[in-house]
Amino acid sequence: MKKLLFDLFPLILFFIAFRMFDLYVATGVTMAAVAVQIIWLKIRQRTIEAMHWINLAIIMVFGGATLLFQNDAFIKWKPTVLYWIFAGVLLGSRLFLQRNLMQKLMGAQVSLPTAIWDKLNYSWVLFFIASGALNLYIAFSGQFTEEQWVSFKAFGLLGLLVVFAIGQSIWLSKHIKTPAANDDHV
């Protein structure tokens with residue numbers, strides 16, 4: 001639970017800063033929060049996951065461009081770029097390196113046939129692509145306000161992720177290999 005809150009820390013601060021001030025202050029607060037996360041992990045000598053580095057790079061580039069040019073389009077692109085990078089990494093590692101990152105991530109806890117690992121990997125690729133596209137629609141279609149986009153970014157994308165992960169867990173439960181039951185009991 002602590003790790004989840006730690007990972008959500010910049011997003012929570014973004015939402016609070018937006019509500020109290022505006023998108024530009026929220027962007028700066030998020031940039032600082034992500035940098036503090038990395039510094040905290042380094043000080044505590046904890047592992048800094050690739051996701052943390054990718055998020056740091058993207059928020060600094062897109063957040064920096066937002067603040068420098070005073071143009072909110074950059075920060076609105078950030079979730080899409082992040083999700084599409086995740087999709088590209090999952091897809092690229094499978095197609096070009098013959099490595100299934102979902103299997104590498106979860107393989108110690110779950111035993112699945114290769115075909116199921118591939119379906120799991122590709123389903124996450126599709127989820128990240130679709131989520132990125134949905135973010136663009138909400139951010140730029142003109143059908144939603146900035147406040148609605150911020151709420152979607154803070155809660156909608158996270159909610160979609162949770163619902164998708166639960167759906168994946170239910171689907172995976174049908175494919176998990178379990179050891180044969182011991183019939184030696186009396």
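In this predicted model, Glu 147 is a good place to begin: with a relative accessibility of 43%, this residue counts as partly exposed. The side chain of Glu 147 meets that of Arg 19 in a salt bridge, with 2.7 Å from N to O. Distant parts of the chain are linked by this pair, since Arg 19 belongs to helix α1 and Glu 147 to helix α7 (residues 146–173), 128 residues apart. Arg 19, like its partner, falls in the partly exposed class, and its relative accessible area is 42%.

The model holds 3 salt bridges in total. Another of them joins Arg 94 and Asp 118, whose side chains meet at 2.6 Å, N to O. Here Arg 94 sits in helix α4 (residues 73–97) and Asp 118 in helix α6, so the pair ties together parts of the chain that are 24 residues apart in sequence. Both ends of this bridge turn out to be covered: Arg 94 is buried at 18% relative accessibility, and Asp 118 is buried with a relative accessible area of 16%. The cut-off for this class is under 20% relative accessible area. The remaining bridge runs between Asp 72 and Lys 76, where the closest N and O atoms are 3.3 Å apart. Lys 76 counts as buried, because its relative accessibility is 9%.

Helix α6 (residues 114–140) also contains Val 125, a residue with a relative accessible area of 5% and therefore buried. Leaving aside residues up to four places away in sequence, Val 125 touches Ala 87, Leu 90 and Leu 91. Gly 88 belongs to this picture as well: its C-alpha lies 7.4 Å from that of Val 125, although the two residues are 37 apart in sequence.

Attention then returns to helix α1, this time for its nonpolar side chains. Leu 5, Ile 12, Ile 16, Met 20, Phe 21 and Val 25 together make a nonpolar surface patch of about 570 Å². Helix α1, which spans residues 2–20, is the main contributor to this patch, giving 4 residues. One of the patch members, Met 20, lies in helix α1 and counts as exposed, because its relative accessibility is 58%. Helix α1 thus supplies residues to the nonpolar patch and also holds Arg 19, the partner of Glu 147 in helix α7.

Notes
Residues are numbered from 1 along each chain as its sequence is written. This is a predicted model: local features need pLDDT of at least 70, side-chain atom pairs count only at pLDDT 80 or more; totals for chains, interfaces and linings use all residues. Side-chain values use heavy atoms; hydrogens and water are left out. Patches are made of residues with over 30% relative accessible area and no salt bridge: like charges are joined within 9 Å, nonpolar side chains (Val, Leu, Ile, Met, Phe, Trp, Tyr) within 5 Å. Accessible areas come from the Shrake-Rupley method with a 1.4 Å probe; for residues, only the protein chains shown count as cover. A salt bridge is a side-chain nitrogen of Lys or Arg within 4 Å of a carboxyl oxygen of Asp or Glu. Helices (H or I, at least four residues) and strands (E, at least two) are DSSP runs, numbered from the N terminus. Buried means under 20% relative accessible area, exposed over 50%, partly exposed in between (1.4 Å probe, protein chains only). Contact means heavy atoms within 4.5 Å.
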